[in-house]
Amino acid sequence: MTGNFSINGTEIPISLRGDEVLLDVLRELGCTEVKEGCREGACGSCLVLLDGVLVNSCQVLAASALGKEITTVKGLGTIHQPHPIQEAFVDAGAVQCGFCTPGMVLATFALLKKNPRPTEQQIRHALDGNLCRCTGYVKIIEAVKLAAERMSADA
Ligand code: FES
Ligand code: FES
């Protein structure tokens, strides 16, 4: 089957067999910011937004993303124009090896869109599908609070 992926606003024509997983196709297309962790839907490292909805791309058939808007962490911000959430992660020291960071940032984005001033418990709940083997989560929670503060102040 053929169609288009829209990745971070860029249309890409694509031809699929039908059984490919979205994670693999995105990485083959060069979206290496989408990380491959468990492949079981349990770590959150492969998160993307599909028409604005957070999904583990290892659990989604690529064919189901045809014609939809796929947003990876690069669609939120880049090194030259970072999103406030990305800046907050850096400023709070919430990035160590960085493997979990794209998924954490996207999960934070989805949370703050729904709930701009979450409680700590709500932050923990929103990130409970995202595993980090480095930070112990404390600085990640601080980063989300910092991002919420800054984004609410800017609103
Ligand atoms: S690689 Fe998809 S949830 Fe872990
Ligand atoms: S910073 Fe290394 S896995 Fe989270």
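Reader: What share of the 155 residues in the protein is buried, and what makes a residue count as buried here?

Author: Buried residues come to 43% of the 155. The cut-off is a relative accessible area under 20%. Bear in mind that this is a predicted model.

Reader: How do you know that the radius of gyration agrees with a compact globule?

Author: Put the two values side by side. The rule is 2.2 Å times the number of residues to the power 0.38, and for 155 residues a compact globule would come out near 15 Å. The protein has 15 Å, so the two agree. Along its principal axes, the C-alpha trace spans about 45 × 30 × 25 Å.

Reader: How are the helices and strands laid out along the chain?

Author: There are six helices and five strands. Reading from the N terminus, they go β-β-α-β-β-β-α-α-α-α-α. As for contacts between residues at least 6 apart in sequence, 56% of them join residues at least 24 apart.

Reader: Why are S2 and strand S4 said to stand at the edges of the sheet?

Author: Start with the order, which is S2-S1-S5-S3-S4 in an open sheet of five strands with mixed pairing. S2 and strand S4 (53–56) each have a single partner strand, so one side of each is left without a neighbour in the sheet. From one strand to the next, the twist averages 35°.

Reader: What makes S3 and S4 a pair?

Author: Pairing asks for at least two bridges found by DSSP, and S3 and S4 have four, so they qualify, running antiparallel. Leu50 stands opposite Val53 in S4. The hairpin of these strands has two residues between them, and there Asp51 takes a positive phi near 50°.

Reader: And what about S3 and S5?

Author: That pair has two bridges against a required at least two, so it counts as well, in the antiparallel sense. Leu49 has Thr71 in S5 as its bridge partner. S1 and S2 also run antiparallel, joined by six bridges, with Asn4 partnered by Pro13 in S2.

Reader: Why is S3 described as covered on both faces?

Author: Look at which residues are buried. Leu47 and Leu49 are on one side, Val48 and Leu50 on the other, and all of them are buried. Helix H4 lies across S3, S4 and strand S5 (69–71), at about 40° to S3.

Reader: What makes up the largest nonpolar core?

Author: It has 25 residues, and Phe89, Met104, Leu127 and Ile140 touch the most other members. Strand S3 (47–50), helix H2 (73–76), helix H3 (84–91), helix H4 (101–114) and helix H6 (138–154) each give two or more residues to this core. A second, separate core has 20 residues, including Leu16, Val21, Val48 and Ala62. In soluble globular proteins, nonpolar side chains tend to be buried together.

Reader: Which residues does Ile140 contact, beyond its neighbours within four places in sequence?

Author: Those residues are Phe89, Ala94, Cys100, Met104, Leu127, Cys132 and Thr135. Cys100 has 10% relative accessibility, under the 20% cut-off, so Cys100 counts as buried. Cys132, also given as 10%, is buried by that cut-off too.

Reader: How many disulfides are there?

Author: Zero. A disulfide needs a pair of cysteine sulfur atoms within 2.5 Å, and the count by that rule is zero.

Reader: Is Glu33 buried or exposed, and how do you know?

Author: Its relative accessible area is 10%, and the limit is under 20%, so Glu33 is buried. Glu33 is in the loop between helix H1 (22–28) and S3. Setting aside neighbours within four places in sequence, Glu33 contacts Asn8, Thr72, Val73, Lys74 and Pro102.

Reader: Why is Asn8 called partly exposed?

Author: Partly exposed is what lies between under 20% and over 50%. Asn8 has 28%, so Asn8 belongs there. Asn8 is in the loop between strand S1 (2–7) and strand S2 (10–15), and has a positive phi of about 50° although it is not a glycine.

Reader: What makes Arg39 partly exposed?

Author: At 34% relative accessibility, Arg39 falls between the two cut-offs and so counts as partly exposed. Arg39 is in the loop between H1 and S3. Its phi is positive, about 60°, although Arg39 is not a glycine.

Key. Residues are numbered from 1 along each chain as its sequence is written. Chains are lettered from A and ligands numbered from 1 in the order in which they are written. This is a predicted model: local features need pLDDT of at least 70, side-chain atom pairs count only at pLDDT 80 or more; totals for chains, interfaces and linings use all residues. Side-chain values use heavy atoms; hydrogens and water are left out. A nonpolar core is a set of buried Ala, Val, Leu, Ile, Met, Phe, Trp, Tyr and Cys residues joined through side-chain atoms within 4.5 Å. Buried means under 20% relative accessible area, exposed over 50%, partly exposed in between (1.4 Å probe, protein chains only). Contact means heavy atoms within 4.5 Å. Axes are lines fitted to C-alpha atoms, for helices over the stretch in contact, and angles run from 0 to 180 degrees between N-to-C directions.
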